[in-house]
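Work through the exercises below with the sequence and the model open. Each task is followed by a solution in steps.

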Amino acid sequence: MADATTQRVLTLLSLLQRRHVWTGPELAAELGVTDRCVRRDVGRLRELGYPVEAAPGVGGGYRLGAGRALPPLLLDDDEAIATAVSLRLAAGGTVAGAGEAALRTLAKLDRVMPPRLRREVRTLHDATDTLAGGAIEVDGDVLLALARACRDGVRVRCRTPPARPADPAAAPVAPVDRRVEPVRLVATGRRWYLLAFDLDRHDWRTFRLDRVAGVEVTTWRFAPREHPDPAAHVQRSVTAAPYRHVAVARVAAPAALVRAEVPPAVATVEPDPDDPDGHCRLTAGADDPTWLAVRIAMLGHDVEVLEPPEVREAAGRLAERLGRMAGAGG
């Protein structure tokens, strides 16, 4: 193909990747050619292995379909920069093995990226620091298998750690076999969770994926159930359910402001229906009531602990200690 034809075909490929469906006249107008020329260029893309589909009639047009293999992608400047920056961040992500894959992909992209774009990416990277937040890695195969099970609506068998015994000195218990109907994966930034219906407990459960083992995706399809909001359910589970003490506090600040100050994996923040001043309620859990009192006191707003009494008592003891500390300093 001549240089002009090659450039036009590459532009056509870029257009097909940018939007789901194009009509022939739209593509002809974008390329400055005739409809017949568009049909010839579509044929050239098909010869190169790109599965360009064509549908006639009203609502029809050309679109880039899914092939048997992933063909080369054509990225514009902004897309190339965004992809490179995302890959650099993904190299330190929470999915086991994804970091290596991201680095390999970034190396391929870096080799073909124009020098001016490479300088843009490196400038942005050099000006950015990433704070490691103690993220927990999840096996990529487990994550992908569960994502497919959610999509296909099939049951999953797995093993999870037993519930934490009330007596810390008690002997360890064997892992628990589970049969679940998975609905949705939820990422909190540090961990991955699965919302699923537990068939043996007849209720919705939240599972930390780094603690799930022996995942086996079956071929048994299930009818969809009405389920709670996945993100909200997981947030309630991780902020309250696993802990011995759950504090409910009224915070003298709007819910939107407090949500911006408290990570969703630490506490649930909701408007207080009983407060006419627009204040909010915060729910958080911990095994140590003193730790809870400290975290709530650090919010920087006036707070009233509604329950439990153990947290109120811990707050009183903490206030006495802080008073002695202040007095000792003169």
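**Exercise 1: a helix across a sheet**

Helix 7 (residues 140–152) lies across strand 5, strand 6, strand 7 and strand 9, and runs at about 85 degrees to strand 6. The model is a predicted one: local features need pLDDT of at least 70, side-chain atom pairs count only at pLDDT 80 or more, and totals for chains, interfaces and linings use all residues. Residues are numbered from 1 along each chain as its sequence is written, and side-chain values use heavy atoms, with hydrogens and water left out.

Task: find which residues of helix 7 are buried, and state why they line one face of the helix.

Solution.

Step 1. Fix the terms. Helices (H or I, at least four residues) and strands (E, at least two) are DSSP runs, numbered from the N terminus. Axes are lines fitted to C-alpha atoms, for helices over the stretch in contact (heavy atoms within 4.5 Å), and angles run from 0 to 180 degrees between N-to-C directions. Buried means under 20% relative accessible area, exposed over 50%, and partly exposed in between (1.4 Å probe, protein chains only).

Step 2. Check the span. The 13 residues of helix 7 reach 18 Å from the first C-alpha to the last, close to the 18 Å expected at 1.5 Å a residue; the expected span is 1.5 Å times one less than the number of residues.

Step 3. List the buried residues: Val-142, Leu-143, Leu-146, Ala-149 and Cys-150. Seen down the axis of helix 7, these fall within an arc of 130 degrees, so they line one face of the helix. The arc is that of the directions from the helix axis to the C-beta atoms. An α-helix has 3.6 residues a turn, so residues three or four places apart point the same way.

Step 4. Look at both sides. The buried residues pack against strand 3 (95–96), strand 4 (138–139), strand 5, strand 6, strand 7 and strand 9. On the other side of helix 7, Asp-141 and Arg-151 are exposed.

**Exercise 2: the five-stranded sheet**

Task: in what order do the five strands of the open sheet lie, and which are the edge strands?

Solution.

Step 1. Collect the pairs; two strands pair if DSSP finds at least two bridges between them. Strand 5 (residues 154–160) and strand 6 (residues 176–187) are antiparallel, with five bridges; Arg-159 has Asp-177 in strand 6 as its bridge partner. Strand 6 and strand 7 (residues 192–198) run antiparallel and are joined by seven bridges, with Leu-185 partnered by Leu-194 and Ala-187 by Trp-192. Strand 7 and strand 8 are antiparallel over six bridges, with Phe-197 partnered by Trp-204.

Step 2. Write the order: 8-7-6-5-9, with antiparallel pairing. The edge strands are strand 8 (203–208) and strand 9 (213–221), each pairing on one side only. Neighbouring strands of the sheet are turned by 40 degrees against each other on average, direction ignored.

Step 3. Inspect the turn. Strand 7 and strand 8 form a hairpin with four residues between them, and His-202 in the turn has a positive phi of about 55 degrees.

Step 4. Check burial in strand 7. Seven of its seven residues are buried, so strand 7 is largely enclosed by the rest of the structure. Trp-192, Leu-194, Ala-196 and Asp-198 are on one side, and Tyr-193, Leu-195 and Phe-197 on the other.

**Exercise 3: the largest nonpolar core**

Task: which residues have the most contacts inside the largest nonpolar core, and which strand gives the most to it?

Solution.

Step 1. Define the core: a set of buried Ala, Val, Leu, Ile, Met, Phe, Trp, Tyr and Cys residues joined through side-chain atoms within 4.5 Å.

Step 2. The largest has 20 residues, and Val-251, Val-258 and Leu-282 have the most contacts inside it. At least two residues each come from strand 10 (245–251), helix 9 (255–261), strand 12 (280–286), helix 10 (289–297) and helix 11 (309–328). Strand 12 gives the most, with four residues.

Step 3. Set aside neighbours within four places in sequence: Val-258 is then in contact with Val-251, Ala-253, Val-269, Cys-280, Leu-282 and His-301. A second, separate core has 17 residues, including Val-138, Val-142, Ala-196 and Phe-207.

Step 4. Examine strand 10. Six of its seven residues are buried. Seven bridges join strand 10 to strand 12, antiparallel, and Ala-247 stands opposite Ala-284.
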